[in-house]
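Trainee: Could you take me through the salt bridges in this one, slowly, and show me where they sit relative to the strands? I'd like one connected look rather than a list.

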Amino acid sequence: WNNTFSIKKMSGNSSAGKKKGGGFLARQAQKKKSITEEELLTKDVIHPDDVTKLGKMTENYLCKPSANVFGIEFTRFKIRDMESGDVIFEIAKPDNADDIPQETNNDDDDDPRRGRYVRYQFSPKFLDLKSVGA
């Protein structure tokens, strides 16, 4: 049995031997055209693939709280230094949260920010951490 190999000499042209349309990574990048928040908000349905095409964070939420048809609820959030394990920030929903009466003012029931954010500030030393986990 005899294996024969042939080596094709590349010409001085740097594009010789390249595929039309570029290699795999170039074709993948071509598929992933960026989209703006405004373009997403005009769609009837926003899919995860759409969101991965965003070039930056959104200014607003892309859905209302009423879109949470599965009742997903985040009950705890923690930020920690991964090297030392130190907890930098932690917040949790109280165990008796369902027993606490809610405000009866319904003016902001559709406010997409209601109950969906936490504001916190860290000292400048936070930026010195090498690895942070959430």
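Mentor: Sure. The protein chain has 3 helices and 3 strands, and if you read along the sequence they come in the pattern α-α-α-β-β-β. Keep in mind that this is a predicted model. Buried residues make up just 8% of the 134 residues. The accessible surface of the chain is about 12700 Å², and 52% of that belongs to carbon and sulfur atoms. As for contacts with a separation of 6 or more, 43% are between residues 24 or more positions apart.

Now the sheet, since we'll need it for the salt bridges. It's an open sheet of 3 strands in the order 2-1-3, with antiparallel pairing. Strand 2 and strand 3 stand at the edges with a single partner strand each, so one side of each has no neighbour in the sheet. Strand 1 and strand 2 pair in the antiparallel sense over 5 bridges. To find your place in that pairing, look for F77, whose bridge partner in strand 2 is I91.

On to the salt bridges: how many turn up in a search of the whole structure? The search finds 3.

Start with the one between the two paired strands. The side chains of E90 and R76 meet in a salt bridge, at 3.3 Å from N to O. This pair links distant parts of the chain, with E90 in strand 2 and R76 in strand 1, 14 residues apart. So you have backbone bridges between strand 1 and strand 2, and a side-chain link between those strands as well. How covered are the two partners? E90 has a relative accessible area of 40%, so it's partly exposed. R76 comes out at 55%, and because of that it counts as exposed.

Next, look at E73 and K93. They form a salt bridge too, and here the closest N and O atoms are 2.1 Å apart. E73 lies in the loop between helix 3 (48-51) and strand 1 (76-81), while K93 is in the loop between strand 2 and strand 3, so the pair ties together parts that are 20 residues apart in sequence. Both partners are in the middle category for exposure: E73 is partly exposed at 47% relative accessibility, and K93 is partly exposed at 32%.

While you're in that loop, have a look at P94. This proline is found in the loop between strand 2 (87-92) and strand 3 (132-133). P94 has 43% relative accessibility, so it counts as partly exposed. Its C-alpha atom is 9.4 Å from that of R76, a residue 18 positions away along the chain. That's the R76 we just met in the salt bridge with E90, so you can use it to get your bearings.

The remaining pair is K43 and D50. K43 forms a salt bridge with D50, with the closest N and O atoms 2.9 Å apart. Is each partner buried or exposed, or somewhere in between? K43 has 35% relative accessibility, so it counts as partly exposed. D50 has 9%, and since that is under the 20% cut-off, D50 counts as buried.

To pull it together: one salt bridge runs between strand 2 and strand 1 through E90 and R76, another joins two loops through E73 and K93, and K43 with D50 makes up another.

Note on methods: Residues numbered from 1 in each chain as written. Predicted model: local features only at pLDDT ≥ 70, side-chain atom pairs only at ≥ 80, totals over all residues. Heavy atoms only, no water. Helix = DSSP H or I, 4+ residues; strand = E, 2+ residues; numbered from the N terminus. Buried < 20%, exposed > 50% of the residue type's maximum accessible area, 1.4 Å probe, protein only. Salt bridge = Lys/Arg side-chain N within 4 Å of Asp/Glu carboxyl O. Pairing = 2+ DSSP bridges. Contact = heavy atoms within 4.5 Å. Areas by Shrake-Rupley, 256 points an atom, 1.4 Å probe, with all protein chains shown as cover.
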